[in-house]
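Thank you for making time this morning. I would like to walk you through one structure, and I will try to be careful about what can and cannot be said from it.

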Amino acid sequence: MGHALVGTTSGPVRLCIGECKPEFMTKSHQQYTFVNPSVLSLNPIRGPESGGTMVTITGRYLGAGSSVAVYLGNQTCEFYG
């Protein structure tokens, strides 16, 4: 296997059944590559507390995974992909 790209991690998949104790843990024999999402910028950086401001998030691997959720603080944001 080649070198991982910047922002990625390679290794086995670890799986726990119930509690994550050594006796309930296993890992794959096959190596997988995972991406690490990162935010590079938010625009605008401020808005009214009442909300309603459209925010553009720029980053790397932001669409990775089976679902996408956006939170600003503890507030859920509507996502337009």
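I will begin with the overall build, then turn to the pocket, and finish with a few individual residues.

Please keep in mind throughout that what you see is a predicted model. In terms of secondary structure, the protein has eight strands and zero helices, so that, by the way strands and helices are assigned here, reading along the sequence gives β-β-β-β-β-β-β-β. As for its dimensions, the C-alpha atoms fill a box of roughly 50 × 35 × 20 Å when taken along the principal axes. The radius of gyration of the protein is 18 Å, whereas a compact globule of 81 residues would have one near 12 Å. Of those 81 residues, 4% count as buried, and among the contacts with a separation of 6 or more, 28% are made by residues that lie 24 or more positions apart.

Let me move to the largest pocket, which holds about 820 Å³ of space. It is lined by 26 residues, and the closest to its centre are T53, V55, V70, L72 and C77. The elements that give two or more residues to this lining are β5, β6, β7 and β8, and the largest share, three residues, comes from β8. If we sort the lining by class, we find 16 nonpolar, seven polar and three charged residues.

One of those central lining residues deserves a closer look, so to speak: is V70 buried or exposed? V70, whose place is in strand β7, counts as buried because its relative accessibility is 17%, and the cut-off for that class is under 20%. Leaving aside residues up to four places away in sequence, V70 touches I57, Q75, T76, C77 and F79. From V70 to F34 the separation is 36 residues in sequence and 20 Å in space, taken C-alpha to C-alpha.

Following β7 onward, we come to G73, which lies in the loop between β7, residues 70-72, and β8, residues 75-77. G73 counts as exposed because its relative accessibility is 74%. G73 is 39 residues from F34 in sequence and 26 Å from it in space, again C-alpha to C-alpha.

Next, the charged side chains. Side chains of opposite charge can pair when their charged atoms come close. How many salt bridges does the count come to here? The count comes to one salt bridge, in which the side chains of K21 and E19 meet at 3.4 Å, N to O. Both partners can be placed by their accessibility: K21 counts as partly exposed at 37%, and E19 is partly exposed too, with a relative accessible area of 47%.

Finally, there are two points about the backbone. Most residues other than glycine have a negative phi, and most peptide bonds are trans. Against that background, the peptide bond from N43 to P44 is cis, with omega near 0 degrees, and P44 has its place in the loop between β5 and β6. The other point concerns Y61, a residue other than glycine whose phi is positive, near 60 degrees. Y61 sits in the loop between β6 and β7, and Y61 counts as partly exposed because its relative accessibility is 26%.

That is where I will stop, and I am happy to go back to any part of it.

Definitions and conventions:
Residues are numbered from 1 along each chain as its sequence is written. This is a predicted model: local features need pLDDT of at least 70, side-chain atom pairs count only at pLDDT 80 or more; totals for chains, interfaces and linings use all residues. Side-chain values use heavy atoms; hydrogens and water are left out. Helices (H or I, at least four residues) and strands (E, at least two) are DSSP runs, numbered from the N terminus. Buried means under 20% relative accessible area, exposed over 50%, partly exposed in between (1.4 Å probe, protein chains only). On a 1 Å grid over the protein atoms alone, a cavity is a set of points where a 1.4 Å probe fits but cannot get out, and a pocket is an open set with protein on both sides within 12 Å along at least five of seven lines; lining residues have an atom within 4 Å of a point. Grid points are joined across faces, edges and corners, and a volume is the space filled by probe spheres set on the points. Ala, Val, Leu, Ile, Met, Phe, Trp, Tyr, Cys and Pro count as nonpolar, Asp, Glu, Lys and Arg as charged, and the others, Gly among them, as polar. A salt bridge is a side-chain nitrogen of Lys or Arg within 4 Å of a carboxyl oxygen of Asp or Glu. The radius of gyration is taken over C-alpha atoms; the globule rule is 2.2 Å times the number of residues to the power 0.38. Contact means heavy atoms within 4.5 Å.
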